[in-house]
Amino acid sequence: MDSTTNTDASTQHGDSAKDAPLLSPPGAATIAPGRPDGGDVRDRERSNRHSMASSTSGSGSGSGSIHSQPTSILMPAEVPREPTGSTIVEPDSVFDDSGRSFHGYKEGKYFLPNDAAEQDRLDLQHAMLMMATGGKLAHAPMDHDPEYVMDVATGTGIWAIQFANNGTRKHSIELGVRLTPSDVTAQEHPGSHVIGTDLSKIQPALPMVQNCEFVKDDAEEEWLYRAPGTGAQLLFDYVHLRMVFTCFPDNRVVMRHAFDNMRPGGWIEYCDLYIDPSSRDGRHEGSTVQKFWATFRHGMSKIGRDMLCPRNYKTWLSEVGFTDIHEQIFRCPLAEWPTDPAQQRLGQYALVNLTEGARGFSWKALGFAGLDAEAKENLIAELRHDAGDPSLAIYHPVYVVYARKPHDWEVEEERTQPQPET
């Protein structure tokens, strides 16, 4: 299959159909009640999967409220928040010794928190990545609105909402802006129906966004989505994955699910940070930032997860069967060392994303690496102190990789082409 690499010059870095009605599973936070043609896009089978997902631990009140926090855990400073109206408490969340809450559905599959502080960070990270990659929600060269769109690991749902309905005030690029119903004014892709999936139900309810919905689901399991009306297998036109390098032990499992549930000619796209930092002349070598990420990667490798997997996306997509594979590598500065004002602002966002989010997203990984609680706190404190040093001129590559599912005639044409002599 054809594969090309486009590296920006300014950013170079050396089942069968079901007859039952189509109802939302108990775990779904559905923004829209369904498409106008009746029903929604999920299979009733999924209800059985989700009905067993709720955690049985906690207060035992059966009220659906969040599990009581153990009294022996100190609440970290970043967790208490003023209610914003768009911070979502996941009913089946569980706490760990960091004082942060994590998904209870499929507990232990994902190692980043899901609380208010993390939701704020995810929305900030969205703005950061938008700035870093040219302000585009999608880079794949689609010539029309994709009818069905899947956003895997949707987080707060901010990308899915904006793709479905992008007339949002300030385009959510201003620090601290959260999506609320009053922010939504006009549709970006009115012909698209966007489905965001995640292990945590932390997406806002925006009833006016009629073409976007959210489902609590595990993308590594069989995709059971069914087309409204017919009950046939739902085939997506565009599958989007962003910041998923921490999510899966084998990314090819999800790639195959996407391929098998995609229309010929449909696109898949990844956008991921590469957490092996660089600098213009190697001055970051030996820095706390480098030490922090090396320890983080080592910890995640202990549980079989390669944190530098974005470099393999091109190869894996080809192995799965995709074609027209393109890779573009952007550069995201850390702190305010660039001379360009826009890049300085991007560096500010990246610094806040790293230093304010580090304790939450790295706590479990640092534990896998063998650090006790005190050692974790010390390393994170060092990171917060040193990461903003502009003399280090640190940046992180951002990989954008997209690929197309070939049409049947393309596959047949390639199969019948004479093979070169060896």
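Angles over 145 degrees between helix axes count as roughly antiparallel. This cut-off is needed at the second stop of the tour below, which moves through a predicted model.

**The whole chain**

Begin with the entire protein chain in view. The chain contains nine helices and eleven strands. Of its 422 residues, 54% are buried. The area that the chain exposes is about 17,800 Å², and carbon and sulfur atoms supply 50% of that area.

**Helices H7 and H8**

Select residues 341-368, which form helix H7, together with residues 373-386, which form helix H8. The two axes come within 10 Å and cross at roughly 150 degrees. H7 and H8 are therefore roughly antiparallel to each other. The crossing of H7 past H8 is right-handed.

Next, display the side chains where these helices meet. On the H7 side, select Leu354, Thr355, Glu356, Ala358, Arg359, Ser362, Trp363, Leu366 and Gly367. On the H8 side, select Ala373, Lys376, Glu377, Leu379, Ile380, Leu383 and Arg384. Sorted by class, the contact of H7 with H8 has eight nonpolar, three polar and five charged residues.

**Two residues of this contact**

Center the view on Lys376, which lies in helix H8. Is Lys376 buried or exposed? Lys376 has a relative accessible area of 6% and is buried. Setting aside residues up to four places away in sequence, Lys376 touches Trp363, Leu366, Gly367 and Leu371. Trp363, Leu366 and Gly367 are among the H7 residues that meet H8.

Move now to Arg359, in helix H7. Arg359 is buried as well, since its relative accessible area is 9%. Add Pro113 to the selection: Arg359 and Pro113 are 246 residues apart along the chain, while 9.9 Å separates their C-alpha atoms.

**Helices H2 and H7**

Keep H7 on screen and add helix H2, residues 116-132. Here the axes are 10 Å apart, and the packing angle is about 145 degrees. H2 passes H7 in a left-handed crossing, whereas H7 passes H8 in a right-handed one.

Which residues of H2 and H7 meet? From H2, select Arg121, Leu124, Gln125, Ala127, Met128, Met131 and Ala132. From H7, select Leu346, Tyr349, Ala350, Val352, Asn353, Gly357 and Phe361. By class, the contact of H2 with H7 has ten nonpolar, three polar and one charged residues.

**Two residues with positive phi**

The last stops concern the backbone. Most residues other than glycine have a negative phi. Two residues in this model are worth selecting with that in mind.

Select strand S10, residues 323-333, and find Asp324 within that strand. Although Asp324 is not a glycine, its phi is positive, at about 50 degrees. Asp324 is partly exposed, with a relative accessible area of 22%.

Then follow the chain into the loop between S10 and H7, where Ala335 is located. What is the phi of Ala335? The value is near 80 degrees, which is positive in a residue other than glycine. Ala335 is buried, and its relative accessible area is 1%.

**A final view**

To finish, show H2, H7 and H8 together. In this view, H7 meets H8 through residues that include Leu354 and Trp363, and H7 meets H2 through residues that include Leu346 and Phe361.

Conventions: Residues numbered from 1 in each chain as written. Predicted model: local features only at pLDDT ≥ 70, side-chain atom pairs only at ≥ 80, totals over all residues. Heavy atoms only, no water. Helix = DSSP H or I, 4+ residues; strand = E, 2+ residues; numbered from the N terminus. Buried < 20%, exposed > 50% of the residue type's maximum accessible area, 1.4 Å probe, protein only. Areas by Shrake-Rupley, 256 points an atom, 1.4 Å probe, with all protein chains shown as cover. Axes fitted to C-alpha atoms, helices over the stretch in contact; angles between N-to-C directions. Parallel < 35°, antiparallel > 145°, perpendicular 65-115°, else oblique. Left-handed = near helix turned anticlockwise from the far one by under 90°. Contact = heavy atoms within 4.5 Å. Nonpolar A, V, L, I, M, F, W, Y, C, P; charged D, E, K, R; others polar.
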